[in-house]
Amino acid sequence: MATGLFSSRSKGLRNGLHDDAQAVEEQIAELRDEIASLAKLLASDASDGASGIRKKARAVKAQASDAAHDLKDRAQGDIRDMIAAGEDILAEFQTRYQDSGRRARKAVKEHPLATLGVAAAAGFLLAALLRR
């Protein structure tokens, strides 16, 4: 009889341990499932974040490209304006040079002796300066 009492108790302990082990295994399986779904969620969030970053990078690249094109267009316009202004200044200098030449020829024709006197005075002045 003593054997029966201990044997039923040990069977109960084994069944209880078996039930506890099975409950722990079920909890571990649930934890694994939860960890797997958390990993999928994190992967999805990371993918969405990377996609968003790629979109922002494309937008920034497009803005930079547009800004570069605008800057290039403005620079080309400024260069064209500078060239046109330079051509205008050159044309004005040419006109003044031609006008000065005409005036000098006219003065020589109208006052040949005065021109000769001014040239001689300039020559003496230049010689005196170069002598020192």
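User: How many helices and strands are in the protein?
Analyst: Two helices and zero strands. Keep in mind that this is a predicted model.

User: How much of the protein counts as buried?
Analyst: Of its 132 residues, 1% count as buried.

User: And what area does the protein expose, and what share comes from carbon and sulfur?
Analyst: The exposed area is about 12,200 Å². Carbon and sulfur atoms supply 63% of that.

User: How many salt bridges does the structure hold?
Analyst: Two. In one of them the side chains of Glu-92 and Arg-96 meet, with an N to O distance of 2.9 Å. The other joins the side chains of Arg-103 and Asp-99, at 2.7 Å from N to O.

User: Where are Glu-92 and Arg-96 relative to each other along the chain?
Analyst: Both are in helix H1, which covers residues 2–110. Because they are four residues apart in that helix, about one helical turn separates them.

User: What about the spacing of Arg-103 and Asp-99?
Analyst: That pair also lies in helix H1, four residues apart, or about one turn of the helix.

User: Which class does Arg-103 fall into, buried or exposed?
Analyst: Arg-103 counts as exposed, at 56% relative accessibility. Its partner Asp-99 is partly exposed, with a relative accessible area of 28%. In the other bridge, Glu-92 is partly exposed too, at 41%.

User: Why is Asp-99 partly exposed rather than exposed?
Analyst: Exposed requires over 50% relative accessible area and buried means under 20%, so the 28% of Asp-99 puts it in between.

User: Switching to surface patches. Which residues make the nonpolar one?
Analyst: Leu-38, Leu-41 and Leu-42 make a nonpolar surface patch of about 300 Å². Of these, Leu-42 lies in helix H1 and counts as exposed, with 53% relative accessibility.

User: Which residues gather in the patch of negative charge?
Analyst: Glu-25, Glu-26, Glu-30, Asp-33 and Glu-34 gather there, on the surface. Glu-26 is found in helix H1. Its relative accessible area is 46%, so Glu-26 is classed as partly exposed.

User: Now annotations. Where does UniProt place the transmembrane region?
Analyst: The unreviewed UniProt entry puts the feature "transmembrane region" at residues 112–130.

User: What does the chain look like over residues 112–130?
Analyst: Over that stretch the model is 100% helix and 0% strand. The C-alpha atoms at its ends are 27 Å apart.

User: Which residues does the DUF883 domain annotation cover?
Analyst: Residues 104–130, according to the UniProt annotation "domain: DUF883", again from an unreviewed entry.

User: And how much helix is there over residues 104–130?
Analyst: The chain is 96% helix and 0% strand over residues 104–130. The end C-alpha atoms of that range are 26 Å apart.

Note on methods
Residues are numbered from 1 along each chain as its sequence is written. This is a predicted model: local features need pLDDT of at least 70, side-chain atom pairs count only at pLDDT 80 or more; totals for chains, interfaces and linings use all residues. Side-chain values use heavy atoms; hydrogens and water are left out. A salt bridge is a side-chain nitrogen of Lys or Arg within 4 Å of a carboxyl oxygen of Asp or Glu. Buried means under 20% relative accessible area, exposed over 50%, partly exposed in between (1.4 Å probe, protein chains only). Patches are made of residues with over 30% relative accessible area and no salt bridge: like charges are joined within 9 Å, nonpolar side chains (Val, Leu, Ile, Met, Phe, Trp, Tyr) within 5 Å. Accessible areas come from the Shrake-Rupley method with a 1.4 Å probe; for residues, only the protein chains shown count as cover. UniProt positions are given in the numbering used here, feature names are shortened, and annotations may be inferred rather than shown by experiment. Lys and Arg count as positive and Asp and Glu as negative; His and the chain ends are not counted. The place of a charge is taken as NZ of Lys, CZ of Arg, CG of Asp or CD of Glu.
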